[in-house]
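Please read the following report alongside the sequence and the coordinates. It treats the ligand site, then the strands, and then a few individual residues.

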Amino acid sequence: MTVILACGNSTRGGLEAIAAARALGGPAAQVIYADLGKAAGDVSGFISHGADAVVAVTDAGLDARSVEGFTEVLHRLIGERAPSYVVMAGNKFGRETGPRLAERLKAACINDVIRIHGDGPSFERLVLSGNSVETVAPSTPGLTIVTIHPHSFEPLPADASRKGEVAEVKVAVKPSRTRLVEVKKRSTAGVDISAAQTIVCGGRGFKKKEDFQMLYDLAKVIGAEVGGSRPIGADLKWIADDKWIGLSGKEVKPRLYIAAGISGQIQHLSGIRSAKTIVVINSNKDAPFFKECDYGLVADLYKALPLLTEFCKRELKR
Ligand SMILES: Cc1cc2nc3c(=O)[nH]c(=O)nc-3n(C[C@H](O)[C@H](O)[C@H](O)COP(=O)(O)OP(=O)(O)OC[C@H]3O[C@@H](n4cnc5c(N)ncnc54)[C@H](O)[C@@H]3O)c2cc1C
């Protein structure tokens, strides 16, 4: 039987890793989920979401940021459970720990996977800032370590009838070779934009911060979250740090994404790859975004946005 070790250090990351492990091994595989951080009492829920067994790794010295500690612990678990595959959550933990483990164990390592084909198996992953997808497969027999791309694998629905073993492992890891100096809280505006179903997003086509109010007015009428391009968030600070979208910002997958005054550079587009319907308003008919949208409006956003808001108000009776 194929044994797959799925690993994570957060609930969402863990659920996605389990879903990816199931996509890889099918119902016949034994999926063991290793959670690094939670106590045994808090991990049994992962069984109902597709794991056959859960190992809660707790300890002494296992700092939430300790990549060295995670590597140590997982190295040990892999030795004990002998999986054919390790599937790591699509977050910093997975991206940093997976390649370290692969190097230690001389295993194949495939990063940033968005889709798994069970025959073979082969793995699709994003390359070139998310602009292309390549398919790769391990070229050697033995262990393969896979890190997944965030939000690419939907957690499996809970099935309360599932049963499985829950174990707790206490480990003592060596002290980390790095030490934490400071943590600065990023500014947030409450709602997680990556989960929003409708998003209106503004870019440098807006002349000043106050003009963003036009986006908030439209958002209120259609029930959307407001985001921005990186210059708006990271440079101008017109929106909170967790509201800019793209390669180095948030990745979103709304049903409707409306972009106003955004040129559509690759780094922005890679954050909206999974949006269902994309609407672009830009005054320059040659803006690259027009090649990537479902509906494009060549117009001055200062004229178009108030008209669109009024239209939606009328149509939606709000
Ligand atoms: C490593 C790296 C990571 C990056 N990560 C990100 C990221 O995560 N997210 C991101 O967004 N960017 C990212 N960038 C930056 C990215 O390359 C672009 O510079 C950025 O997306 C441009 O933002 P913009 O479209 O708002 O501005 P611009 O490119 O300046 O575009 C403004 C647009 O507004 C239009 N416009 C002007 N006036 C009006 C008007 N009155 N009405 C309508 N349209 C108007 C213009 O025609 C133009 O197309 C990254 C860059 C690098 C190098």
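## The ligand and its surroundings

An oxygen atom of the ligand lies 2.8 Å from an N or O atom in the side chain of Asn-282. Taken alone, the ligand exposes 990 Å², and the protein buries 74% of that area. This is a predicted model, and the values given here are to be read as computed from it. Two further approaches involve the backbone: an oxygen atom of the ligand is 2.8 Å from a polar backbone atom of Arg-204, and an oxygen atom of the ligand is 3.0 Å from a polar backbone atom of Leu-247.

The ligand is surrounded by 25 residues, of which the closest are Ser-229, Ile-245, Ser-248, Ser-263 and Asn-282. Asn-282 thus belongs to the closest residues and also supplies the side-chain N or O atom at 2.8 Å from a ligand oxygen. The space taken by the ligand is the second largest pocket. Two or more residues of the shell around the ligand come from each of the elements α6 (230–235), α7 (266–269) and α8 (301–316).

## A residue in contact with the ligand shell

Ser-263, one of the closest residues to the ligand, is in turn contacted by Gln-265, since the side chains of Gln-265 and Ser-263 make a polar contact at 3.3 Å. Gln-265 is located in the loop between β12 (256–260) and α7, and α7 is among the elements that give two or more residues to the shell around the ligand.

Is Gln-265 buried, partly exposed or exposed? Because its relative accessible area is 43%, Gln-265 counts as partly exposed, given that buried means under 20% and exposed means over 50%. Along the chain, Gln-265 and Gly-246 are 19 residues apart, and their C-alpha atoms are separated by 9.5 Å.

## Strands β1, β2, β3 and β9

Which strands pair with β3, and in what sense? Strand β2 (residues 30–36) pairs with β3 in the parallel sense over 5 bridges, and within this pairing the bridge partner of Asp-35 in β3 is Ala-56. Strand β9 (residues 165–170) also runs parallel to β3, to which it is joined by 6 bridges; here Val-57 has Val-169 as its bridge partner in β9. Strand β1 is joined to β2 by 6 bridges, and these two strands run parallel, with Tyr-33 in β2 as the bridge partner of Ala-6.

In a regular strand the side chains alternate between the two faces of the sheet. In β3 (residues 53–58), 6 of the 6 residues are buried, and the strand is mostly covered. Both of its faces are covered: Ala-53, Val-55 and Val-57 are on one side, Val-54, Ala-56 and Thr-58 are on the other, and all are buried. Ala-56, the bridge partner of Asp-35, and Val-57, the bridge partner of Val-169, therefore lie on opposite sides of β3.

Strand β1 (residues 3–8) is largely enclosed by the rest of the structure, because 6 of its 6 residues are buried. Val-3, Leu-5 and Cys-7 point one way from β1, while Ile-4, Ala-6 and Gly-8 point the other way, and all of them are buried.

## Backbone geometry

Most residues other than glycine have a negative phi, and most peptide bonds are trans. Asp-112, in strand β5, has a positive phi near 60° although it is a residue other than glycine; Asp-112 counts as partly exposed because its relative accessibility is 24%. His-151 is not a glycine either and has a positive phi of about 65°. This histidine, His-151, lies in the loop between β8 (144–148) and β9, and its relative accessible area of 27% is why His-151 is partly exposed.

A cis peptide bond, with omega about -10°, joins Gly-120 and Pro-121. Pro-121 is placed in the loop between β5 (108–117) and β6 (122–127).

## A partly exposed helix residue

His-75 is in helix α3 (residues 67–81). Its relative accessibility is 27%, so His-75 counts as partly exposed. His-75 and Ala-102 are 27 residues apart in sequence, and the distance between their C-alpha atoms is 9.6 Å.

Methods:
Residues are numbered from 1 along each chain as its sequence is written. This is a predicted model: local features need pLDDT of at least 70, side-chain atom pairs count only at pLDDT 80 or more; totals for chains, interfaces and linings use all residues. Side-chain values use heavy atoms; hydrogens and water are left out. Buried means under 20% relative accessible area, exposed over 50%, partly exposed in between (1.4 Å probe, protein chains only). Helices (H or I, at least four residues) and strands (E, at least two) are DSSP runs, numbered from the N terminus. Two strands pair if DSSP finds at least two bridges between them. A residue is near a molecule or strand if one of its heavy atoms lies within 4 Å of it. A polar contact is a pair of N or O atoms within 3.5 Å; within protein, one must be able to donate a hydrogen and the other to accept it, and residues adjacent in sequence count only if both atoms are side-chain atoms. Accessible areas come from the Shrake-Rupley method with a 1.4 Å probe; for residues, only the protein chains shown count as cover. On a 1 Å grid over the protein atoms alone, a cavity is a set of points where a 1.4 Å probe fits but cannot get out, and a pocket is an open set with protein on both sides within 12 Å along at least five of seven lines; lining residues have an atom within 4 Å of a point. A molecule sits in a cavity or pocket if more than half of its atoms lie within 2 Å of its grid points.
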